[in-house]
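Student: Please take a close look at one pocket of this model, and then set it beside the other features that can be described with care. I should like a single connected account rather than a list.

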Amino acid sequence: MRVLHFYKTYYPDTWGGIEQVIRQLCVGTGRLGIHNEVLTLTRDSGPRQMEIEGHTVHRMPLAFEIASTGFSFAAIRQLARLAREADVIHYHFPWPFMDLAHFMARIKKPSLVTYHSDIVRQKNLLRVYGPLKRQFLRDVDVIVATSPNYMASSPVLKRFRHKTRTITYGLDKSIYPRPSESVRQQWRARCGERFFLFVGVLRYYKGLHILLDAMANLDYPVVIVGAGPIEQELKQHAERLGLTHVLFVGALEEEDKVALLELSYAMVFPSHLRSEAFGISLLEGAMYGKPMISSEIGTGTTYINIDNETGLVVPPDDAQALGAAMRTLWENPELAAEMGRRAEARYWELFTAETMARNYAALYRELAGQPAD
C-alpha cells in the first residue's frame with residue numbers, strides 16, 4: 001500500500017502543527033505496512049529528495065507566492081508522476097494551489113483530504129477561490145474532519161457532510177526526545193520553578209496580544225516558545241506594557257521544547273480565531289500532563305481541553321477572562337495538578353498516534369479496495 005501526501009510545507013523546512021500531524025501519520029501508518037511519500041514545496045536549494053523517519057520527502061522548488069499561497073509548476077509534474085505509483089492520494093487542506101494541481105495533474109486515483117482548517121482571513125481570495133475549492137472537495141472521495149467540534153461548526157464541512165468522517169489527530173510520545181538533566185537544569189535556571197507556557201508559531205490567530213494584555217495586570221512568569229511573522233510586533237507590545245516577566249525564547253530544538261513542557265506549570269493557548277482548528281501544541285501539553293487554558297472558538301481546542309475537567313476555557317479575545325483563568329490555576333495548585341492528570345488520561349484515551357494511524361490505515365485500505373487487516 002503506497003500513500004502520497006501533498007502539502008505546501010514539511011520538515012525540515014517548517015515545523016508547524018500540520019507538518020507534525022503528517023509526520024506522525026507517516027511514522028504511525030508506516031508501522032502498519034503503509035509506504036508513505038510526501039510531496040511539498042521548498043525555498044531551500046538543498047536535496048530534492050530526503051528520507052525522514054522511514055518515509056520519502058520530495059521537495060519541489062517554490063516558484064512564486066500569491067496571498068501566501070505557494071505555486072510550483074514542477075510540483076504539478078511531480079504530482080502526476082508520483083500519483084501513478086500511489087494507491088491513495090492524501091491531500092492536506094487548505095492550500096488553493098493543491099486544488100489546482102489536483103486537476104492539472106489529472107489525478108484519478110482514490111483520494112482523501114484532511115480538512116485542517118477553514119480559510120478565515122483571506123476573504124477576497126476566498127471569493128475568487130470558492131468555485132475551485134467546491135469542485136475539488138466534490139472530486140475527492142472522502143473528507144476527514146479533525147474533531148467533532150470542527151465538523152459541527154464549519155459551514156464548508158456541513159455542505160459535504162455526506163462524505164465527511166472524523167478522525168482526530170494523535171501524537172506518539174515515544175518519538176519525542178527525553179531531555180538530559182543538564183538541559184532541564186539550564187531551563188529551570190532561566191525560567192524558574194513555576195511558569196505558564198505557550199508553544200507555537202507566532203501568527204495573528206494565536207491570540208498572543210491577548211495574553212500580553214492579560215499579563216499587564218499579573219506578575220506570573222510566562223514563557224513563549226516559537227518564532228513567526230508577528231514576533232517583533234509582539235515583543236514591541238510586551239515592551240510597551242513593561243512585561244519583564246514574559247520571556248520570548250524563540251524557536252527551539254525538540255529536546256529544549258520537551259524540557260519546557262515537562263517543567264511548566266500549565267499551558268496557556270489564547271488562540272481566538274477559527275484558523276486554530278485543533279492546536280497540536282495544546283495536545284502536547286495534555287500529553288505531558290499539564291492543565292490547559294484555551295478559548296472557545298468552536299474548534300478542536302475545546303475537544304482537547306474540556307472546561308473545568310482538563311483545564312479552563314474562556315471566551316475568545318477576552319484578556320480579563322484569560323487573566324482570571326490564569327489566576328485560578330496559579331492560586332490552586334491541587335486543582336491544577338488534578339486537571340493535568342485528567343488531561344493526560346484524555347490524551348491516552350483519545351489522542352494517541354497509534355489510534356490515528358489505525359483509523360487512517362483502515363480508510364486507505366477501504367479507498368484502495370483492499371481488505372482490512
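Tutor: The lining residues of the second largest pocket fall into three classes: six are nonpolar, three are polar and five are charged. The coordinates come from a predicted model, and every value below is computed from that model. The volume of this pocket is about 190 Å³. Its lining comprises 14 residues, and those nearest the centre are Arg-31, Asp-172, Thr-352, Ala-353 and Glu-354. Two elements, α14 (333-350) and α15 (353-368), each give two or more residues to the lining. Of these, α15 supplies the largest share, with four residues.

The domain assignment adds a further aspect. Domain 1 covers 2-172 + 352-368 and domain 2 covers 173-351, and each of them contributes at least three residues to the lining of the second largest pocket.

An enclosed space may be set beside this open one. The model has one cavity of 30 Å³ or more, and the largest cavity holds about 30 Å³. The residues around the largest cavity are Ile-210, Pro-270, Ser-295, Val-314, Pro-315, Pro-316, Asp-317, Asp-318 and Leu-322. By class, six of these lining residues are nonpolar, one is polar and two are charged.

One loop residue deserves a separate remark. Asp-219 belongs to the loop that connects α8 (208-215) with β12 (222-225). Asp-219 is classed as exposed because its relative accessibility is 61%, where the cut-off for that class is over 50%. Along the chain, Asp-219 and Val-246 are 27 residues apart, while their C-alpha atoms are separated by 8.9 Å.

The account now turns to a sheet. Eight strands form an open sheet with mixed pairing, in the order β3-β4-β2-β1-β7-β8-β9-β10. At its edges stand β3 (49-52) and β10 (164-166), each of which pairs on one side only. From one strand to the next, the twist averages 25°. In general, strands of a sheet are paired by backbone hydrogen bonds, in a parallel or an antiparallel manner.

The pairings on the β3 side of the order can be followed strand by strand. The edge strand β3 runs antiparallel to β4, and four bridges join the two. Within this pairing, Ile-52 is opposite His-55 of β4. The hairpin of β3 and β4 has two residues between its strands, and Glu-53 there adopts a positive phi near 50°.

Strand β4 (residues 55-61) is mostly covered, with six of its seven residues buried. Next in the order comes β2, which runs parallel to β4 and is joined to it by six bridges. One bridge in this pairing links Glu-37 to its partner in β4, Thr-56.

Strand β2 (residues 35-42) also runs parallel to β1 (residues 2-6), and five bridges join these two strands. Here Val-3 stands opposite Asn-36 of β2. The strand order then continues from β1 through β7, β8 and β9 to β10.

To return to the pocket in question: its lining of 14 residues draws on both domain 1 and domain 2, and α15 gives four of those residues.

Note on methods: Residues are numbered from 1 along each chain as its sequence is written. This is a predicted model: local features need pLDDT of at least 70, side-chain atom pairs count only at pLDDT 80 or more; totals for chains, interfaces and linings use all residues. Side-chain values use heavy atoms; hydrogens and water are left out. On a 1 Å grid over the protein atoms alone, a cavity is a set of points where a 1.4 Å probe fits but cannot get out, and a pocket is an open set with protein on both sides within 12 Å along at least five of seven lines; lining residues have an atom within 4 Å of a point. Grid points are joined across faces, edges and corners, and a volume is the space filled by probe spheres set on the points. Ala, Val, Leu, Ile, Met, Phe, Trp, Tyr, Cys and Pro count as nonpolar, Asp, Glu, Lys and Arg as charged, and the others, Gly among them, as polar. Domain bounds come from an automatic or database domain assignment. Buried means under 20% relative accessible area, exposed over 50%, partly exposed in between (1.4 Å probe, protein chains only). Two strands pair if DSSP finds at least two bridges between them. Axes are lines fitted to C-alpha atoms, for helices over the stretch in contact, and angles run from 0 to 180 degrees between N-to-C directions.
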